[in-house]
Structures are given as structure tokens and as C-alpha cells.
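Subject: Structure handover

Hello,

Please find the structure below. My notes on what was found in it follow.

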Amino acid sequence: MSSDLLDKGYEPHDVEKRWYDFWEKESLFASNEEQSAQQCYSIVIPPPNVTGVLHMGHALNNTLQDILCRYRRLRGDNVLWMPGTDHAGIATQNVVEKDLAGKGMDRYQLGREKFVEAVWEWRGEYGSAIINQLKRLGASCDWERERFTMDEGLSRAVRKVFVDLYHEGLIYRGNYIINWCHRCHTALADLEVEHEEHDGHLYYVRYPFTGGTGGLVVATTRPETMLGDTAVAVNPDDERYHGIDSSQVILPLMNRKLAIIKDKYVDMSFGTGALKITPAHDPNDFEIGDRHNLERVKVIGDDGLMTSEAGRFMGLDRFQCREAVVKALKEEGLLEKVEPYKHSIGHCYRCKTIIEPNLSKQWFVMVKPLAEKAIDAVKNGETKIIPEIWTKTYFEWMNNIKDWCISRQIWWGHQIPAWTCEKCNELIVSMDTPEACPACKGEDLVQETDVLDTWFSSALWPFSTMGWPDETPLLKLFYPTSVLVTGFDILFFWVARMMMMGIHFMEDVPFKEVYVHALVRDEEGKKMSKSTGNVIDPLSVIERYGTDAFRFTLAAFAAQGRDVKMSEKRVEGYRHFINKIWNAARFALMHINKGYENIENEHLSLADRWILSRLNRVVGKVSVAIDSYRFNDAAGALYKFVWHEFCDWYLEAIKPTLYGHEEQSRQEATMGVLWRVLRDTLVLLHPFTPFVTEEIWHKLPGTQGSIMKTVFPSDVRDDVSRLRDLEAESKMELITGVITGIRNVRGEMNIAPSLSLVVSVQAQEESTRETIKQYQDMIINLARLKSFSVEKAGKRPKSSATAIVDDATIFVSLEGIIDFTKEIKRLEKEINKLTNELTVVSKKLSNEDFVSKAPAQVVGKVKEKHRIFVEKQEKLQSHLDRIREFEA
């Protein structure tokens, strides 16, 4: 490619757009659906909501997927990364309804057909926003295959699954207690309910016995629901209720007789141990009601208002009704007491309205038979969940799974393919719209108005996106997929359901591995939320620091089982790393004039041999780390190699050779090593930092085409220059240790870098002395020495500072370098100043009022300041003690 030098500074934005456009134009993200010798590797993207905007969760999830896909392409695999978006029923309908409200309209004025058209129009105008943002992140999806959960092919798959499950007896319709959102006017699955702690009250209400005197006192947090009570239950083991004479009580305010029943479910430690039973408004009461054949009285309607069954309270809002009921109970002398009570309340995951357990006719999937196979698949190792900790959670949830409510009372989504005959009430479930009733031949058929839960279509994603129910080449090659990368928050919403559906319809698991990553939190470990104002916008970060710096930060902190603590300071730090790569490449390109495929081993210097060996090691570390989803380990190994080994040591060590101070054969060999190491380092970095590596790649002599089309370096090569060179590593470790020791003395003694030093090294072992003598030119050059000598262990030279490396002792002469008397006075003054500052901080921390009442963040900063002062004081004192030794 072009041998033009790189610009002085790296400016990411032009580079990123140019190369992403190039990758798309050259179809470099495309998979091949024809059978070949290539190994197939596939991932389906967790489809973001069509209403979505890129957030930190998306950024982490898709960065990790992209690292895997780019890495596997470099490994030579045929990679399919299937992209797409989710129609997000409730969320999208809410967005469009708000848009209509702004125009003074609602969906009912439009009618269902026109409203659905309006949603499709909205999707056409705004639905691609999240896709464009993923492209900005560098996501290398096969965009030509992009799918949408409401597109024609996926809709056919959804209908087939519903119809098949219904005819297999695994989908049924029935009255059931469900989570109901009055704002969204729809049922919610258990997983769509978010629970939050609330400060509420526990109301103790007396239910009089029918016989006259006495009664049972019942504790409840929701007194408005008592209007629908159909029994009071006690635990048969509760001795407090063994001697009661009456078998019935009177329901306060409604004057209805209720049976006293006995059930093991009742918690004897809660309240009084007597439990009001409201089968229509509590899921546990619903189960008890089934066991005891109790009536279901619905007193709260789907609109959140009290029904006619609530008597005089009819028409009140449920919370207004609570106040009215409490007031009426007080007036009738039936409210025994009220206690403060903290408890968990369910909210709609979309609009945050408090949900109401409500009796309703809904469609359900009978999941037990499906769950059993999904449990076995993980037990048998057909699908492996990583980290292992989530396997236990998966089993706990799957073993206690309840039937899945799949119907939603909204208009946007897959309308349930079920029709009722108006003439004979026959229910018809069919792939095609029926023209007549098969039972009575009547033609007046009404389709079910409910749509399917969004997660129903998402559960089919791994196989529906590849063309199922048709037997496509894509399915044959890429199903089951290689891995699913997902957050733990949708492990059950989505992952478990994909397992059940995939095994049932494809007779194979949907993915061989599931990698569950953690959350992205703020720098203090707090969850990001708009209300706390700690949300970091990925697009703003990318705009400020560039995509590569942002991606590398995410990878560097993506440790298994540990949340990512994100801050812009961290991204800024990795922006320096990207600049380091750029500057190193810029320096290298000034000295490389061709591609060097072969290296003359006999002309290699110690530094050359060492860097090739270290490169070989980092190739192995990165490969193993990515293969085992330890992205932070891979990023950490690359950072250490590039910054510390390649830039800090190797490039500095070879400068004399490159500047012509060595014979030509040695110079040629070093240029060859430099070219090889830079080339392979770019390939190693590419999955993490795709843009900067592509830009440098095209400036590197001897490269062809995109870096995406090259081959990932192997850590085991026939080429002898690639083998690990233990001798070179050992010798270089000694030499760099001596240089570091000298540099440390220079730093500790505050000796200016411009001053050349006189240094001697003493070592008992002859091999150590010989190695140091052999490479003393490197030590003199990199440590900036005036003179250097190597001797057998003996007497310590006068006025010298020491450092020890292995069996070698380094002596740095301080004579004529430091005025000991002046330096002692300076240090004593600095220590006194620091002692005074430390006294002030210590006094503050010993003040109990400050520690207990000041904000935790403020106290934390003071503690950190104290730690820094103590550390600095110890260093200065140590330095002072050493100087006094020299003076003596």
C-alpha cells in the first residue's frame, strides 16, 4: 500500500467515516451461504428496539460482539453476524400515541388499520436511527441481511409457531390472574414487571364472626381489594386459630358472608396469621381460590376504576377507593390499627405505572414441557453459560417457571391468528385467514384483537432470521449459532425463551455458548439513570475521543462477573493509547521502505530477538483470552505489549541501529523485525480498534487490501524467528532491570534527565557480568550515562545510591551531582509543610460529626487526600534518610 507518512496527529472522525464506508462498499462484513471448507461462526444480534437510541448497554454488548466477529474473520472463519431490530410493541405504540396526542388525536379516532399504518410510517422515518448509531460504533454486521421482527418472513414464522403450538395443546386461552397496566391498557408478563421498594402501610381490619361476638383481624397493604374478598384463610398449623367456633366471617363494608378456610400457604408470621383471599386481584390468592373452589369477584376494572362489584365505591380510582375504604372502616370501628410498612410494588417496565394483578381472559404458552428440554440442554453441555454463576440462576428460574402470558391488548404487533365464529362460537386458529367456519360454514368470523407479546417473536430470532420455516442454506450452515452475547437483565426475558423455542422447532439449541456480560455503571459503581444525572452518552464520548478509544475502554474493563465502571477520564486515558499506537507507527514508517517477509536470523540483535519472542507470547495471550471471553485480559495484554514493550523498550533500543550506527545487515534485519512486529500488532489490535489499525495498515509497505482480509498471527510458527526465545527474554529482563534501577535512582534523587551519570555494577556471577558487559551500549544509551563499568562484587563506592537487580548491585555516583546539605534542608522543609497539612486532614477525619453527617463522596475525598499525604510523607522521609547516609 501507500508508503506516505502518517499525519502528525490522529484525527479519528474523518478516518472512521472513510473506512466504514469502504468496508460496506467492499462487502467485507458479508457472510457466504455456500458450503465451503471454512469453519462457520455465527452470532445473532440482540435486536435493539426500533425506538432505541444507543446507550452504554448497547455499546458494551455490540463492541464485544464486534470483537468476536472481527477476530473470527481474521482466523479465517465464514462469519455471519445477523443484524436487525425489534418492533417493541408497547414502547413503539407509546411513542406514536404521544406523537398523535401532540396533534390533538388518539388511536381510537384513527382506528386500528390507520393507526398501524401510522406506526409503519414512523418506523420508516425514524427506525433506522439505532442502526446508524451501531455503524458509528464500528459494528461489522452483515447489513444486507438486516431483519425486523415485523417483516414478512418473520411474521410468517411467528404465525406458524403460534398455530403449531396451539394444535399441540401448548397454547391455550383462559381466565387467569395477570399483571395489568392501566396506562398501557395491556397485560404484562411477570418479567415485564419491575419491583421497587415503597414506604406503605399495613392496615389491620377486623372481620366479625357471623355468630355475633369476636372476629378475625386481617392485615393488608391494599384495603381497596377487600371488597372482592371471597374467604379468609389461616394456616392449619397455627394454634391461635384451633379453638375458633365460627366457620364464617362478615366482609366489612360489603356485608357478605365469607368462609374461613385452612391452607398451608398462609404465612403465620405475617400480620395476625389470618389472610384475606381475593382470587381476582392477587396471584397467590388466585391459586388458593382454585384449590378451594372460591368465587372470583373482580372489583377493579381494566381502566383502574372500581367496578359495580365494589358497591358504593363504584367509579372511584383504585387509590381514591383505598382512602374511602379506610375512612369507612374507621367510621364503623373495624380498623384496629395502621402500621408503617416497607414493601415491594410492581411497576410497568415501560411507563412505570403501578401494575394491578387482575383477572382477565388471556392467551398463554404452557411452558413446562418446553422448559424441561431447555434445562436438559444446559445440564448436558449442549449450551454453556459463561460465567458459570449464571447457570444456577438459569436453572432456578426454569425450574419454577409459570405459564407465559403472550397476549397484549395493543394494536402494534403480530395480531393473534385466531378467529371466532359469531354464529356457533367456534374458535379457529390457522396460518391463513379462514373464509368460513369449519363447524357451521358461517362466514361471520371475527379475528382476535390482541397482539402477541414482543418477546414471542424475539424468541424465534436465531432461526426465523435465517429463513425458517423454509429450509434455507443459511440455516444449514449457521444454525445453531456459535455464541449469544447478552446482558443478564434479559437472560430470562429472551435467552430462556429462545432456548425453549429453538429446541422445540429446530430440534437443536439456538446457540452453543451464552456469554453474559455485566452492566455499565458510572465511575462510582452506581447505576446510570436520567433521574440521578449520571448517564454517559456513548455518541458524545465517541464524538469527543473517537470510536477506537471508547471501544478499547469498554473491552479493557469488561471483566467476567464484574460491572464496568465507566468515566470519560478512562476513555481519555485510552485515547492516549490510540495516539501512542499512531506515533509508534509513524516512527516505524519513517524507517521501513518495503515489506519484509523474511528475516535474517543471524543478524538479529538481542532487542530484535526479545520483541519477536514477546510478540509470540502476546499472540497466545490474546487468542486464549478472546476464545474464553476474557476481553479485559486480551485488552490488558495488548496495552502492556504495545505501550511498555514495543514503544518504551524496543523502539528506544533500536534507534541507534535505525539511525545508521550499525552495519547494514544488522539495520536490514532490525527493519524487518520492526515491519513484522508492527504488522502483526495492527492485526492483533484490529478487533478492538478497527479504524486506526485500518488507516495505518494502508500506509504499511507490503500489505494488500483491507486489514480485515489478512490472517491473525499464530503463536506457533515454523519460522524460527517466531519461536519463544527464552534466552533473549532472560537477558533482556536483566538489561532492562539495570536501566530501570538507574532510572529509579535518578527519579528518587530528583536528578535532572539531562545530567549524565557515572554508574558501576557489581555482580558475583560471571554470567551476569558477561551479559551486562555484552549489552552495555544499550544501558549507556537508554540510561544516559557518562561512564559505565562492570565488576565483581566488592566494596560499595563512596557517595553512591544503590539499586539491586537479581544478583547485580547498581551503584549510581552522586558526587558532584547532589549538594547533600542543601537537599536535606529542602526535604525537611517539604516534610514539615506536609505534616501540617496532614494534621488538618487527620483532625477532620477524627471528627465524628463530619464523618457521620457529611456526604459519603466528600468524606471519601478527604480519606483519599489523607492516604496521598501519608504516602508522600513516607517517600520524602525515606529519601531524606538516604541522603543523610550519603552525607555521613
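To begin with the helix contacts: in α2, residues I67, L68, Y71 and R72 meet S623, I626 and D627 of α19. By class, this contact of α2 with α19 has four nonpolar residues, one polar and two charged. Please keep in mind throughout that the model is predicted.

The axes of α2 and α19, the latter a helix of residues 606-627, come within 11 Å and cross at roughly 125 degrees. An angle of that kind is neither in the 65 to 115 range nor over 145, and α2 and α19 are therefore oblique to each other. The handedness of the crossing of α2 and α19 is left-handed.

α2 also packs against α17, a helix of residues 547-556; here the axes come within 10 Å and cross at roughly 90 degrees. Since 65 to 115 degrees counts as roughly perpendicular, α2 and α17 are therefore roughly perpendicular to each other. On the α2 side the contact is made by M56, A59, L60, T63, D66, I67 and R70, and on the α17 side by F550, R551, L554 and A555. The residues of the contact of α2 with α17 are seven nonpolar, one polar and three charged. I67 is named in the contact with α19 and also in the contact with α17.

Next, the cavities. How many cavities of 30 Å³ or more does the structure hold? There are two.

The largest cavity has a volume of about 40 Å³. Its lining consists of I581, A584, A585, V642, F646, L678, T681, L682 and L685. The elements that give two or more residues to this lining are α18 (568-589), α20 (631-661) and α21 (664-685). Of these, α21 supplies the largest share, four residues. By class, the lining of the largest cavity has eight nonpolar residues and one polar, with no charged residues.

The second largest cavity has a volume of about 30 Å³. L60, L64, Y515, H517, A518, A558, A559, R562 and V564 line this second cavity. Two or more residues of the lining come from each of α2 (56-74) and β23 (511-517). The class split for the second largest cavity is seven nonpolar, one polar and one charged. L60 thus appears in two places in these notes: it lines the second largest cavity, and L60 of α2 takes part in the contact with α17.

Last, some backbone details that you may want to check when preparing the model. Which residues does a cis peptide bond join, with omega of about -5 degrees? That bond joins I386 and P387. P387 is in the loop between β15 (384-386) and α11 (389-399). A cis peptide bond also joins Y479 and P480, where omega is about 0 degrees. P480 is found in the loop between α14 (473-478) and β22 (481-487).

S27 is not a glycine, yet it has a positive phi of about 55 degrees. The position of S27 is in the loop between α1 (12-25) and β1 (40-44).

Regards

Key
Residues numbered from 1 in each chain as written. Predicted model: local features only at pLDDT ≥ 70, side-chain atom pairs only at ≥ 80, totals over all residues. Heavy atoms only, no water. 1 Å grid on protein atoms, 1.4 Å probe; cavity = no way out; pocket = protein on both sides within 12 Å on 5 of 7 lines; lining within 4 Å. Points joined across faces, edges and corners; volume = space filled by probe spheres on them. Nonpolar A, V, L, I, M, F, W, Y, C, P; charged D, E, K, R; others polar. Axes fitted to C-alpha atoms, helices over the stretch in contact; angles between N-to-C directions. Parallel < 35°, antiparallel > 145°, perpendicular 65-115°, else oblique. Left-handed = near helix turned anticlockwise from the far one by under 90°. Contact = heavy atoms within 4.5 Å.
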